[in-house]
Amino acid sequence: FICIYPAYLNNKKTIAEGRRIPIDKAVENPTSAEIQDVCAAVGFNVLLEKNKMYPREWNRDVQYRGRVRIQLKQDDGNPCLPQFPTRKSVMLYAAETIPKLKTRTQKIGSNDQSLQQGEGGKKGKGKKKK
């Protein structure tokens with residue numbers, strides 16, 4: 001089993017902070033649940049550990065918690081899935097597919113609407129200047 005922390009795929013991190021793939025292929029703030037969904041869909045044997053944290057992660061928020069364990073190789077040393085021989089190939093695949101998840105595409109659309117509503121509600125509040 002290999003461990004994948006969300007920090008490995010986060011384009012907001014530097015290599016010193018734990019990113020392990022090129023920044024142009026990395027994803028913005030991935031969660032461990034998203035990594036699990038992507039890897040399970042391909043057919044990996046996946047285990048999500050919600051309370052584990054990446055040691056270099058200073059932020060203790062729930063968003064940054066979690067670790068995904070993936071069975072990369074069988075007992076005899078052969079890869080479980082031939083198209084993913086290395087841990088890096090799994091990370092690159094996950095980073096490539098996470099932006100295509102339905103949860104990601106819906107979040108982007110709903111954020112735009114909520115921002116517009118928030119700006120409209122702020123008008124008229126606050127003290128009037130004399």
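# Notebook: a cavity and its surroundings

I started with the lining of the largest cavity, which is made up of Tyr5, Pro6, Ala7, Asn10, Lys13, Asn29, Pro30, Tyr54, Glu57, Gln63, Tyr64 and Gly66. A reminder to myself before going on: this is a predicted model.

**Entry 1: the cavity**

How many cavities of 30 Å³ or more does the structure hold? I found one. I then looked up the space in the largest cavity, and the value is about 70 Å³. Next I sorted the lining residues by character. Six of them are nonpolar, four are polar and two are charged.

**Entry 2: Asn29, from the lining**

I picked Asn29 because I wanted to check its backbone and its exposure, and it is partly exposed, with a relative accessible area of 21%. The cut-off for buried is under 20%, so at 21% Asn29 does not count as buried. Its phi is positive, about 45°, although Asn29 is not a glycine. As for its place, Asn29 belongs to the loop between β1 (2–4) and α1 (32–42).

**Entry 3: the rings**

Two of the lining residues, Tyr5 and Tyr54, made me look at aromatic pairs. How many aromatic pairs does the structure hold? The count is five. One of them joins Tyr5 and Tyr54: the centres are 5.0 Å apart, the planes make an angle of 50°, and the pair is tilted. Tyr5 sits in the loop between β1 and α1, while Tyr54 sits in the loop between β2 (46–49) and β3 (67–70), so this pair ties together parts that are 49 residues apart in sequence.

Are Tyr5 and Tyr54 buried or exposed? Both are buried.

I also followed the ring pairs further. They link Tyr5, Tyr8 and Tyr54 into a cluster. Tyr8 has a charged partner too: the charged end of Arg20 sits over the ring of Tyr8, 4.0 Å from the ring centre.

**Entry 4: the overall layout**

Time to step back to the whole chain. I noted three helices and three strands. In sequence order the pattern reads β-α-β-β-α-α. The chain has 130 residues, and 35% of them count as buried.

Then I checked how the strands pair. β1 and β3 run antiparallel to each other, with three bridges between them. In β3, the residue opposite Ile4 is Val68. β2 and β3 also pair in the antiparallel sense, over four bridges. Here Val46 faces Ile70 of β3. My summary: β3 pairs with β1 and β3 pairs with β2.

**Entry 5: three spots to compare in the viewer**

I went back to the loop between β1 and α1 for Val27. Val27 is buried, at a relative accessible area of 3%. I looked up how far Val27 is from Thr97, which is 70 residues away along the chain, and their C-alpha atoms are separated by 9.4 Å.

Ala16 is in the loop between β1 and α1 as well. Is Ala16 buried or exposed? Ala16 is exposed, with a relative accessible area of 65%. The C-alpha atoms of Ala16 and Arg56 are separated by 9.0 Å, with the two positions 40 residues apart along the chain.

My last stop was Ala94, which has its place in helix α2 (residues 87–97). Ala94 counts as buried, at 1% relative accessibility. From Ala94 to Asp37 I noted 9.3 Å, C-alpha to C-alpha, for two residues 57 apart in sequence.

How values were computed. Residues numbered from 1 in each chain as written. Predicted model: local features only at pLDDT ≥ 70, side-chain atom pairs only at ≥ 80, totals over all residues. Heavy atoms only, no water. 1 Å grid on protein atoms, 1.4 Å probe; cavity = no way out; pocket = protein on both sides within 12 Å on 5 of 7 lines; lining within 4 Å. Points joined across faces, edges and corners; volume = space filled by probe spheres on them. Nonpolar A, V, L, I, M, F, W, Y, C, P; charged D, E, K, R; others polar. Helix = DSSP H or I, 4+ residues; strand = E, 2+ residues; numbered from the N terminus. Buried < 20%, exposed > 50% of the residue type's maximum accessible area, 1.4 Å probe, protein only. Phe/Tyr/Trp six-rings, centres within 6.5 Å; stacked < 30°, edge-to-face > 60°. Lys NZ or Arg CZ within 6 Å of the ring centre and 35° of its normal. Pairing = 2+ DSSP bridges.
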